[in-house]
Amino acid sequence: MKGLKRIDWYIIGKFLGTFFFAIVLILSIAIVFDLTEKMDEFFENNAPLRRIILDYYLPFIPYYMNMFSSLFIFISVIFFTSKMAGNSEIIAMLASGISFRRLMLPYMLSATFLFVLFWWLGGYIIPPATEKMLDFQDEYIQKIKSENVRNVQMMVTPGTVLYIETFQKRTSTGYRSSYEHYEGKTLRSRITADRLRYDGTEEEPYKWHFEQYVRRDFDGMHETISRGTRLDTTIMLQPKELFITAEQAQQMTNPELRRYIKLQKARGAGNTEAFETEMHKRWASPLGAFIMTLLAVTMSSRKVRGGMGKNLGIGLTLSALYILFSTVSTTFSVNGVMTPFMAVWLPNFIFLAIGIYLYQRTPK
């Protein structure tokens, strides 16, 4: 990269080398422990070796790497910077005329690389990989997916409300349903039926039909009633949309997540907080790379008595607090205590303020 000096490449190499070494080491240990714990389930359910590797442990790596990226970054920077400070390398750099602000450049370039990496992984690679991992768990470890959903009520298109008491995924059939059409606040028609079946195909993805139905059409005070055994109709809904839960937000790519939030808001659904929270996390978590780097450099760039042990201890504590704070604040959003934006970004704002304060007090 034009303009970078040898010392910059030295720090970038130390940063990224330590970071990826820490990931390989810690995730290798995690995989060994997880394999030991789940070995019995794999054998009892005859899980194929190919699927164990490709559908479970291969997605396992980027999923947990992204989840604990802040911890890995913080510890990596603390480790190699404390070592450089202990060897008086930082002192030599500053004494040669390099300002502390200039010294931060290779750190922030490395953080930029990690930001782009984790934004791309979190938004486009990890969601489909997570879906594979959860499908594997559902089939071979523990049943986690529901086959039925109850009390569905949503606005499928403006002015059209669908209600289904029970819907079975296996048969694509809903029981005791109603389908109402409004003009403004005036009810114009209502269809009630014992069963509502999905007949959709790839060419006609929104094809349904009512069975044993009663239709009422309203014109002022006048009401027209008709009955029948079958009524074909088009409902802008697919069965898989009925089974989307808050946990499945992690299985959607960024474009899918944006489309789903927009669609649910148009339908008047009130369960978008978890999806909006996940959308904000796709940006806030990667941007944490800059905050953790700033904190770690300002804490470990000074040569201290006792070596890097103290810095590592403080680093582990702060990074654990950051992850804990991020997790706790997210639950506030899902429970409606805070807005998704505030719940996700508040930990970043607080730790950024701490980082700026430490940066100003760092000897330069």
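Two strands are taken to pair if DSSP finds at least two bridges between them. With that criterion stated, I turn to the structure, which is a predicted model.

I begin at one hairpin. Asp-219 stands opposite His-222 in β6. Strand β5, residues 207-219, pairs with β6 in the antiparallel sense, and 12 bridges connect the two. Further along this pairing, Val-214 has Arg-227 of β6 as its bridge partner. The hairpin formed by β5 and β6 has 2 residues between the strands, and Gly-220 in the turn has a positive phi of about 65°.

The hairpin belongs to a wider arrangement. The open sheet contains 6 strands in the order β1-β2-β3-β4-β5-β6, with antiparallel pairing. At its edges stand β1, residues 148-157, and β6, residues 222-234; each has a single partner strand, so one side of each is left without a neighbour in the sheet. From one strand to the next, the twist averages 15°. As general background, strands of a sheet pair through backbone hydrogen bonds, in either a parallel or an antiparallel sense.

Next, the charged pairs. Side chains of opposite charge can pair when their charged atoms come close. The structure holds 14 salt bridges, and I shall discuss three of them.

The first is between Glu-139 and Arg-51, where the closest N and O atoms are 2.9 Å apart. Because Glu-139 lies in helix α5 (residues 100-140) and Arg-51 in helix α2 (residues 49-67), the pair ties together parts that are 88 residues apart in sequence. Glu-139 itself is partly exposed, with a relative accessible area of 47%.

The second salt bridge joins Glu-180 and Arg-190, again described by its closest N and O atoms, which are 2.9 Å apart. Glu-180 is in strand β3 (residues 173-183) and Arg-190 in strand β4 (residues 186-198), and the two are 10 residues apart. Is Glu-180 buried or exposed? Its relative accessibility is 14%, and Glu-180 therefore counts as buried, since the cut-off for that class is under 20%. Arg-190, at 29% relative accessibility, counts as partly exposed.

The third is the salt bridge in which the side chains of Arg-188 and Glu-183 meet, at 3.2 Å from N to O. Arg-188 has a relative accessibility of 28% and counts as partly exposed. Glu-183 also counts as partly exposed, at 48%. On the subject of shared partners, salt bridges join Arg-51, Asp-55 and Glu-139 into one network.

I close with the nonpolar residues, starting at the surface. Which residues make the nonpolar surface patch of about 540 Å²? They are Phe-21, Leu-25, Ile-26, Ile-29 and Phe-33. Of these, Ile-29 is found in helix α1, residues 6-44, and counts as partly exposed at 42% relative accessibility.

In the interior, the general expectation is that nonpolar side chains tend to be buried together in soluble globular proteins. Here the largest nonpolar core has 50 residues, and those touching the most other members are Phe-15, Ile-73, Phe-74, Val-77, Tyr-107, Leu-114 and Met-292. Two or more residues of this core come from each of α1, α2, α3 (69-86), α4 (89-95), α5, α8 (273-300) and α9 (309-334). Which element gives the largest share of this core? That element is α5, with 13 residues. Helix α5 is also where Glu-139, of the first salt bridge, lies.

How values were computed:
Residues numbered from 1 in each chain as written. Predicted model: local features only at pLDDT ≥ 70, side-chain atom pairs only at ≥ 80, totals over all residues. Heavy atoms only, no water. Helix = DSSP H or I, 4+ residues; strand = E, 2+ residues; numbered from the N terminus. Axes fitted to C-alpha atoms, helices over the stretch in contact; angles between N-to-C directions. Salt bridge = Lys/Arg side-chain N within 4 Å of Asp/Glu carboxyl O. Buried < 20%, exposed > 50% of the residue type's maximum accessible area, 1.4 Å probe, protein only. Patch = residues over 30% accessible without salt bridge, like charges linked within 9 Å, V, L, I, M, F, W, Y side chains within 5 Å. Areas by Shrake-Rupley, 256 points an atom, 1.4 Å probe, with all protein chains shown as cover. Core = buried A, V, L, I, M, F, W, Y, C linked by side-chain atoms within 4.5 Å.
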